[in-house]
Amino acid sequence: MKPVVHGLISKRAEVVGKIEALQAQLAQCLADLDSLDRTIRIFEPDIDLTDAPVKPVPPANAAFRGEVQRFLLNTLRKSDVALTTHDLARSIMEARGLNTADKALLKLISQRTGHSLGKLRSQGFIASQKANAGGLLRWQLSRKGQAEDWHGGWRNGSGS
(Lines give C-alpha, C1' and ligand atoms only; values in the text may rest on other atoms or scores of the structure.)
Protein backbone atom coordinates (compact mmCIF):
# COMPACT_ATOMS: atom_id res chain seq x y z
CA MET A 1 0.00 0.00 0.00
CA LYS A 2 1.31 3.46 -0.89
CA PRO A 3 2.23 5.76 2.01
CA VAL A 4 -0.24 8.38 0.78
CA VAL A 5 -3.12 5.89 0.83
CA HIS A 6 -2.03 4.63 4.25
CA GLY A 7 -2.02 8.21 5.57
CA LEU A 8 -5.45 8.93 4.12
CA ILE A 9 -6.89 5.75 5.63
CA SER A 10 -5.39 6.73 8.98
CA LYS A 11 -6.95 10.20 8.73
CA ARG A 12 -10.29 8.66 7.73
CA ALA A 13 -10.20 6.42 10.80
CA GLU A 14 -9.55 9.50 12.95
CA VAL A 15 -12.53 11.35 11.46
CA VAL A 16 -14.80 8.31 11.90
CA GLY A 17 -13.70 8.12 15.54
CA LYS A 18 -14.56 11.79 16.06
CA ILE A 19 -17.98 11.26 14.45
CA GLU A 20 -18.72 8.31 16.72
CA ALA A 21 -17.65 10.29 19.79
CA LEU A 22 -19.84 13.23 18.75
CA GLN A 23 -22.81 10.90 18.15
CA ALA A 24 -22.37 9.49 21.65
CA GLN A 25 -22.15 13.02 23.04
CA LEU A 26 -25.29 14.01 21.12
CA ALA A 27 -27.16 10.97 22.47
CA GLN A 28 -26.16 11.93 26.03
CA CYS A 29 -27.27 15.54 25.48
CA LEU A 30 -30.65 14.38 24.14
CA ALA A 31 -31.12 12.12 27.19
CA ASP A 32 -30.20 15.02 29.50
CA LEU A 33 -32.64 17.31 27.69
CA ASP A 34 -35.41 14.74 27.99
CA SER A 35 -34.75 14.40 31.72
CA LEU A 36 -34.83 18.16 32.18
CA ASP A 37 -38.10 18.44 30.24
CA ARG A 38 -39.71 15.77 32.42
CA THR A 39 -38.46 17.47 35.58
CA ILE A 40 -39.78 20.87 34.46
CA ARG A 41 -43.17 19.29 33.74
CA ILE A 42 -43.35 17.99 37.30
CA PHE A 43 -43.49 21.61 38.47
CA GLU A 44 -45.29 23.10 35.44
CA PRO A 45 -47.32 20.38 33.65
CA ASP A 46 -48.83 22.69 30.99
CA ILE A 47 -45.62 24.45 29.92
CA ASP A 48 -44.79 24.73 26.22
CA LEU A 49 -41.03 24.32 25.88
CA THR A 50 -40.92 24.79 22.12
CA ASP A 51 -40.46 28.55 22.61
CA ALA A 52 -37.97 28.21 25.48
CA PRO A 53 -34.83 30.31 25.01
CA VAL A 54 -31.71 28.66 23.65
CA LYS A 55 -28.41 29.54 25.27
CA PRO A 56 -25.57 29.57 22.71
CA VAL A 57 -22.56 27.41 23.42
CA PRO A 58 -19.39 29.45 23.90
CA PRO A 59 -16.90 29.03 21.07
CA ALA A 60 -14.08 26.53 21.49
CA ASN A 61 -11.58 29.38 21.39
CA ALA A 62 -12.97 31.10 24.50
CA ALA A 63 -10.69 31.10 27.54
CA PHE A 64 -11.18 31.59 31.25
CA ARG A 65 -9.98 34.83 32.83
CA GLY A 66 -6.18 34.86 33.13
CA GLU A 67 -5.76 31.48 31.41
CA VAL A 68 -4.03 32.90 28.33
CA GLN A 69 -1.70 35.12 30.35
CA ARG A 70 -0.62 32.17 32.53
CA PHE A 71 -0.02 30.08 29.42
CA LEU A 72 2.02 32.87 27.81
CA LEU A 73 4.18 33.35 30.89
CA ASN A 74 4.82 29.61 31.20
CA THR A 75 5.68 29.34 27.50
CA LEU A 76 8.09 32.27 27.70
CA ARG A 77 9.69 30.80 30.85
CA LYS A 78 10.38 27.54 29.02
CA SER A 79 11.78 29.22 25.90
CA ASP A 80 15.47 30.04 25.52
CA VAL A 81 14.73 32.58 22.78
CA ALA A 82 12.29 35.46 22.36
CA LEU A 83 9.06 34.36 20.64
CA THR A 84 6.90 36.32 18.23
CA THR A 85 3.23 37.02 18.77
CA HIS A 86 2.42 34.55 15.97
CA ASP A 87 4.59 31.83 17.55
CA LEU A 88 2.80 32.30 20.86
CA ALA A 89 -0.64 32.34 19.19
CA ARG A 90 0.16 29.06 17.41
CA SER A 91 1.31 27.57 20.72
CA ILE A 92 -2.00 28.53 22.31
CA MET A 93 -3.95 27.01 19.42
CA GLU A 94 -1.94 23.77 19.52
CA ALA A 95 -2.32 23.47 23.30
CA ARG A 96 -6.09 23.92 23.01
CA GLY A 97 -6.48 21.60 20.03
CA LEU A 98 -7.57 24.36 17.63
CA ASN A 99 -6.95 24.19 13.88
CA THR A 100 -3.73 26.12 13.23
CA ALA A 101 -4.41 26.04 9.46
CA ASP A 102 -7.56 28.18 9.91
CA LYS A 103 -6.25 31.63 8.97
CA ALA A 104 -9.24 33.55 10.34
CA LEU A 105 -8.99 31.77 13.69
CA LEU A 106 -5.21 32.26 13.76
CA LYS A 107 -5.73 35.99 13.17
CA LEU A 108 -8.30 36.17 15.99
CA ILE A 109 -6.09 34.24 18.42
CA SER A 110 -3.08 36.39 17.39
CA GLN A 111 -5.06 39.55 18.20
CA ARG A 112 -6.11 38.15 21.57
CA THR A 113 -2.55 36.99 22.25
CA GLY A 114 -1.22 40.45 21.38
CA HIS A 115 -3.70 42.03 23.77
CA SER A 116 -2.68 39.68 26.58
CA LEU A 117 1.00 40.28 25.86
CA GLY A 118 0.42 44.04 25.98
CA LYS A 119 -1.20 43.70 29.41
CA LEU A 120 1.70 41.59 30.67
CA ARG A 121 4.18 44.15 29.31
CA SER A 122 2.34 47.04 31.01
CA GLN A 123 2.54 45.08 34.27
CA GLY A 124 6.29 44.66 33.81
CA PHE A 125 6.33 40.88 33.40
CA ILE A 126 7.57 40.80 29.81
CA ALA A 127 9.34 43.00 27.28
CA SER A 128 9.02 43.32 23.51
CA GLN A 129 11.37 44.03 20.65
CA LYS A 130 10.66 44.57 16.96
CA ALA A 131 11.29 41.31 15.13
CA ASN A 132 11.27 42.77 11.61
CA ALA A 133 10.56 45.92 9.63
CA GLY A 134 6.89 44.94 9.35
CA GLY A 135 6.24 45.59 13.03
CA LEU A 136 6.11 42.00 14.28
CA LEU A 137 7.19 41.82 17.92
CA ARG A 138 9.31 39.29 19.78
CA TRP A 139 8.60 38.74 23.46
CA GLN A 140 10.63 37.57 26.43
CA LEU A 141 10.39 37.69 30.19
CA SER A 142 11.58 40.92 31.81
CA ARG A 143 14.88 40.77 33.67
CA LYS A 144 17.00 43.39 35.44
CA GLY A 145 19.93 44.52 33.34
CA GLN A 146 18.12 43.66 30.13
CA ALA A 147 19.48 44.83 26.76
CA GLU A 148 18.73 48.47 25.98
CA ASP A 149 16.94 47.79 22.70
CA TRP A 150 13.99 46.07 24.40
CA HIS A 151 11.13 48.54 24.74
CA GLY A 152 7.40 48.96 25.09
CA GLY A 153 5.01 49.72 22.25
CA TRP A 154 1.80 48.55 20.69
CA ARG A 155 1.38 44.88 19.86
CA ASN A 156 1.59 45.66 16.15
CA GLY A 157 5.02 47.22 16.67
CA SER A 158 4.09 50.87 16.25
CA GLY A 159 4.81 53.30 19.02
CA SER A 160 7.59 53.19 21.55
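Axes are lines fitted to C-alpha atoms, for helices over the stretch in contact, and angles between them run from 0 to 180 degrees between N-to-C directions. The legends below refer to a predicted model.

**Figure 1. Packing of helix α2 against helix α3 in the predicted model.** The axes of α2 and α3 lie 11 Å apart and enclose an angle of about 115°. Angles of 65 to 115 degrees count as roughly perpendicular; the two helices α2 and α3 are therefore roughly perpendicular to each other. The crossing in which α2 passes α3 is right-handed. On the α2 side, the contact is made by Val68, Phe71, Leu72, Thr75 and Leu76; α3 contributes Leu88, Ser91, Ile92 and Ala95. By class, the residues of this contact of α2 with α3 comprise seven nonpolar and two polar, with no charged residue.

**Figure 2. Packing of helix α3 against helix α4.** Here the angle is about 110°, and the axes of α3 and α4 are 8 Å apart. The helices α3 and α4 are therefore roughly perpendicular to each other, and their crossing is right-handed. From α3, the residues in the contact are Thr85, His86, Leu88, Ala89, Arg90, Ile92 and Met93. Their counterparts in α4 are Leu105, Leu106, Ile109, Ser110, Thr113, Gly114 and Leu117. The contact of α3 with α4 divides into eight nonpolar, five polar and one charged residues.

**Figure 3. The buried face of helix α3.** In α3, which spans residues 85-95, the buried residues are Thr85, Leu88, Ala89, Ile92 and Met93. Viewed down the axis of α3, these residues fall within an arc of 140°, so they line one face of the helix. Glu94 and Ala95, on the other side of α3, are exposed. The elements against which the buried residues of α3 pack are α2 (67-78), β1 (83-84), α4 (103-122) and β3 (137-141). After α3 comes glycine 97, with a positive phi near 75°.

**Figure 4. Close-up of serine 91 in helix α3.** Serine 91 has a relative accessibility of 22% and therefore counts as partly exposed. Apart from neighbours within four places in sequence, serine 91 is in contact with Phe71 and Thr75. Both of these partners are among the residues that α2 brings to its contact with α3. Serine 91 and phenylalanine 71 are 20 residues apart along the chain, and their C-alpha atoms are separated by 9.1 Å.

**Figure 5. Close-up of serine 110 in helix α4.** With a relative accessibility of 9%, serine 110 counts as buried, because the cut-off for that class is under 20%. Once neighbours within four places in sequence are set aside, serine 110 is in contact with Thr85, His86 and Ala89. These three residues appear in the contact that α3 makes with α4. Between serine 110 and methionine 93, which are 17 residues apart in sequence, the C-alpha to C-alpha distance is 9.6 Å.

**Figure 6. Overall context of the close-up views.** The protein has four helices and three strands, arranged from the N terminus on in the order α-α-β-α-α-β-β. Of its 160 residues, 25% count as buried. Among contacts between residues at least 6 apart in sequence, 44% join residues at least 24 apart.

Technical notes
Residues numbered from 1 in each chain as written. Predicted model: local features only at pLDDT ≥ 70, side-chain atom pairs only at ≥ 80, totals over all residues. Heavy atoms only, no water. Buried < 20%, exposed > 50% of the residue type's maximum accessible area, 1.4 Å probe, protein only. Arc of directions from axis to C-beta. Contact = heavy atoms within 4.5 Å. Parallel < 35°, antiparallel > 145°, perpendicular 65-115°, else oblique. Left-handed = near helix turned anticlockwise from the far one by under 90°. Nonpolar A, V, L, I, M, F, W, Y, C, P; charged D, E, K, R; others polar.
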